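Reader: Please take one part of this model and look at it closely. I would like the charged pairs, and what surrounds them.

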Amino acid sequence: MFQITKIDENNPLRFMSINKWTTILSVVLIVLSLSALVTKGLNWGLDFTGGTLVEVGFEQPADLEELRTVLEGNEFGDAVVQNYGTQRDVLVRIPPREDAASDTIGNELLTVLRANIDGGIDVRRVEFVGPQVGEELAEAGGLAMLVALICILVYVSFRFEWRLALSAVAGLAQDVTLILGLFALLQMQVDLTILAALLAVIGYSLNDSIVVADRIRENFRKLRKNTPEEVIDISLSQTLSRTLVTSLTTLLVLLVLMFFGGQMIFGFAVALSMGVVVGTYSSVFTRSTLVLAMGISREDLMPPEVEKEGEEQDNYL
Amino acid sequence: MLNRYPLWKNLVIMFVVLFAGLYALPNIYGEDYAVQISATRSGEVTLDTLAQVERTLEQGGIQPIGIEYENSQILVRVDSDDQQLAARELLVSELGINYVVALNLAPATPNWLDGIGGEPLKLGLDLRGGVHFLMEVDMEEALMKIREQMVTTVRDRLRDERVRYRRVEESGNDVVIELRNSEDYQSAVSLLRNQYEGYDFRTDSSQNMITLEMTEQYLQDTRSNAIEQNITILRNRVDELGVAEPVIQRQGQDRIVVELPGIQDTARAKEILGATATLEFRFQDTDNDLQDAIAGRVPFGSRLYDMRGGGQVLLQNRVILTGDHIVDASVGYDESNRPQVNISLDSAGGRLMTQATRGNVGEPMATVFIEFIATGETTDEGRIAFERVEEVVSVATIQAVLGSNFRITGVGSAQDAQNLALLLRAGALIAPIQIVEERTVGPSLGAENVKAGLTAIVAGFVLVLLFMGIYYRAFGLVANLALLTNLVMIVGVMSLVPGATLTMPGMAGIVLTVGMAVDANVIIFERIREELLEGRSPQQAIARGYENAFSTIADANITTLITALILFAVGTGSIKGFAVTLAIGIVTSMFTAIAGTRAVINLVWGRQKRLTKLSI
């Protein structure tokens with residue numbers, strides 16, 4: 001048998017013995033993320049700020065400086081010009097404008113480019129989002145995140161126990177904070193696909209924590225002599241190879257997406273990969289530490305009385 | 001102990017997989033270049049049209065690989081894009097304006113598959129290329145028009161009955177009527193009470209005031225009507241653009257989504273869709289001096305207007321006719337081959353026109369073109385503010401008493417005439433609309449996205465298959481079989497579900513599902529390994545492994561499903577696509593990873609009585 005980890009129930013890895021250090025690590029990372037969010041802020045994409053975005057393909061590698069000069073000379077001084085993916089692809093971003101007819105900016109820009117640039121240009125993408133719509137999308141996104149967390153909290157409390165539920169959701173909050181922190185630090189653009197990625201991270205990370213929580217519950221019922229700390233260590237050890245294998249396969253496909261999925265998917269893949277890493281970390285350390293700190297015990301996880309009778313009957317059979 | 005599935009379970013699994021596989025099949029046949037012919041409002045596609053189309057193509061030397069006549073549409077399949085363009089050119093000039101001739105890609109699904117409802121995946125705009133518009137209807141403007149009309153109606157009624165009023169005007173959603181004395185007040189109350197549907201009638205005798213307040217129901221109906229009318233108008237305009245399979249639907253309270261797949265000239269599309277225009281005909285004020293007016297002494301009862309192309313003109317305030325009486329408008333050419341717009345009015349409009357022009361032959365009449373253009377600012381309620389831009393497009397001398405049919409000359413170039421006629425024909429909008437969101441994806445980017453997505457799916461797949469095969473050996477191969485089946489099932493289900501479209505994030509969703517779908521098998525296999533370590537026999541280990549893993553897998557997947565549903569509920573466009581693929585992937589992967597692998601494992605290992613080792 002070929003296995004990443006081979007764990008004996010009597011000799012588990014002592015995850016909880018280092019929980020002081022992981023707690024410090026978590027706190028440091030969260031503080032760093034929050035301060036990045038506060039000082040640098042997120043680089044909100046077009047979806048949330050509103051504005052216009054035009055992606056054009058040139059026949060030769062594009063001269064960005066020349067482009068900027070042309071645009072500045074044609075009342076597009078506020079345009080941000082950058083390469084996108086290849087040397088020949090250029091992305092032009094224009095912030096929302098106060099004056100009339102902002103929905104025609106994209107076409108005006110293309111007219112200017114066609115008139116001033118030699119060789120044909122290929123219009124690859126034009127996006128315009130009105131400021132009102134942007135605001136609504138941001139609101140809807142925040143709401144989605146909140147609703148998702150609450151629904152999960154309710155479901156997990158119903159299926160498990162409130163300490164497990166609360167720690168699961170706290171872990172999710174940590175995941176989201178760290179990913180947003182990274183996006184703020186690197187000033188990567190946050191658009192709708194990143195929002196989708198964050199929700200997918202929530203789904204993924206939760207997957208992890210439920211597998212662990214399930215095992216913790218099972219072991220609390222089964223192992224009567226061990227301390228809660230030992231039970232958690234055993235549960236984590238038993239699920240460790242599953243955690244690693246799944247994280248690994250998911251990371252594999254995400255790396256593929258990052259390198260082959262094209263520019264539009266890149267940010268999405270980055271957010272998710274980051275999510276897989278922090279999600280794995282938080283379901284192994286953060287959540288277990290929290291559950292332990294909230295003082296979980298065997299009694300909390302025993303099945304309700306009615307079922308107990310059934311269990312005994314089983315034993316007689 | 002043996003692990004066996006009853007026959008019915010195996011049959012159900014086989015049936016489900018075959019069923020999904022069958023509906024995934026249309027995706028491997030690809031698409032034909034096609035030209036799609038449908039009728040506009042005034043036309044009809046009949047068997048005669050079909051014959052005409054066949055004749056035209058034959059004469060033009062185009063060999064279609066198939067012509068279908070279905071649902072009042074004709075679909076002509078050709079084998080190259082050159083032929084497609086040539087066919088369109090031919091058909092457009094032959095069929096004329098009563099038909100929409102659009103370029104399209106038609107799935108080359110064989111007839112037997114088509115017959116059982118099989119069709120390939122619908123690709124989102126980001127993969128096909130095309131335009132997505134979100135438009136907002138300015139309800140305030142629609143309501144204002146209705147109130148203005150009410151004010152006029154009430155004034156006319158009071159005047160006809162010789163009831164003297166101090167003021168009749170709009171105030172918020174109300175129309176307020178103030179009478180001069182209590183006598184007039186009494187007669188006004190008896191005159192107006194219960195006369196107007198949709199208004200609540202409130203009186204205040206101490207101030208001789210009557211208030212007509214729009215009812216909530218009426219407000220709502222007005223809003224719905226404004227949206228409905230706009231949708232109809234947009235549909236007509238889209239017809240003019242010649243787009244195959246456009247989507248035009250209401251979204252929320254006051255928005256309309258327009259999706260035009262495969263359209264190339266977005267600037268023109270936007271110009272035609274977004275322009276909200278109406279016409280007014282007014283007399284020119286020839287009694288007063290234009291220069292005086294420009295100097296600031298605008299005479300009472302007149303107003304200065306800008307001319308298109310520069311200059312100003314003084315027009316009377318009185319409106320002869322508004323654009324909502326226009327029934328049809330088309331481009332024609334006068335004797336000296338200058339473009340003109342021929343206009344037809346409804347009977348009420350015709351009467352108004354006759355009345356107004358009878359005594360005024362030889363007088364100049366101006367055509368005022370009114371557009372609502374967004375100012376980019378928002379009102380206090382967070383709505384987009386519109387500016388009413390009025391422009392005189394022509395001033396022409398009335399040559400004779402005009403009736404229901406007349407023409408406007410001097411409207412500029414042929415293209416200008418064409419656009420004006422189109423806008424007039426499409427009808428006068430009650431409420432102005434404004435594009436609040438646009439997403440255009442060019443065809444080249446769409447094709448690249450498809451390629452990138454497929455590469456990612458294949459590469460991700462191969463890596464996961466390799467890993468599982470190495471790590472779990474024979475059982476890994478079973479998991480891989482499940483994974484392949486899962487992919488086929490996702491494609492099959494997505495092709496089957498109406499409204500499920502594959503988008504770029506959707507493709508990412510599939511890749512992600514591939515990575516996560518193995519999770520269920522990993523959980524099961526790890527359990528089996530544990531059971532084996534604890535010294536259970538292989539058959540027992542298989543049974544217990546599946547049993548113990550089930551609730552874990554179910555819980556984990558249900559929570560992911562919750563997030564997918566929430567994404568679907570709040571997301572738009574491509575995000576919805578991601579949510580759909582994710583949700584479908586979760587359900588199918590649970591099926592293949594639990595029931596599917598168990599069936600295979602039972603078949604291969606479950607029957608061996610002397611099984612001592614598992615290749616896991």
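Author: Start with a term: buried means under 20% relative accessible area, exposed means over 50%, and partly exposed lies in between (1.4 Å probe, protein chains only). D233(A) counts as buried because its relative accessibility is 0%.

This is a predicted model, where local features need pLDDT of at least 70, side-chain atom pairs count only at pLDDT 80 or more, and totals for chains, interfaces and linings use all residues. Residues are numbered from 1 along each chain as its sequence is written, chains are lettered from A and ligands numbered from 1 in the order in which they are written, and side-chain values use heavy atoms, with hydrogens and water left out.

D233(A) forms a salt bridge with R14(A), at 3.9 Å from N to O. The term means a side-chain nitrogen of Lys or Arg within 4 Å of a carboxyl oxygen of Asp or Glu. D233(A) sits in helix α8 of chain A and R14(A) in the segment before α1 of chain A, so the pair ties together parts 219 residues apart in sequence. Helices (H or I, at least four residues) and strands (E, at least two) are DSSP runs, numbered from the N terminus. R14(A) is partly exposed, because its relative accessible area is 43%.

Helix α8 of chain A also holds R242(A), 34 residues from D208(A) in helix α7 of chain A. The closest N and O atoms of this salt bridge are 2.8 Å apart. R242(A) is buried at 3% relative accessible area. D208(A) is buried too, at 0%.

Now the chain boundary. Eight salt bridges are counted between chain A and chain B. One of them joins R439(B) to D47(A), at 2.7 Å from N to O. Both residues belong to a salt-bridge network that also includes E55(A), R124(A), R125(A) and E437(B).

R125(A) leads to M264(A), in helix α9 of chain A. Contact means heavy atoms within 4.5 Å. Beyond its neighbours within four places in sequence, M264(A) is in contact with Y84(A), R125(A), T193(A), L445(B) and N449(B). M264(A) is partly exposed, because its relative accessibility is 23%.

The wider contact takes 73 residues from chain A and 70 from chain B. About 6,200 Å² is buried between chain A and chain B, with carbon and sulfur atoms giving 63%. Buried area is the accessible area (1.4 Å probe) that two parts lose on being put together, summed over both.
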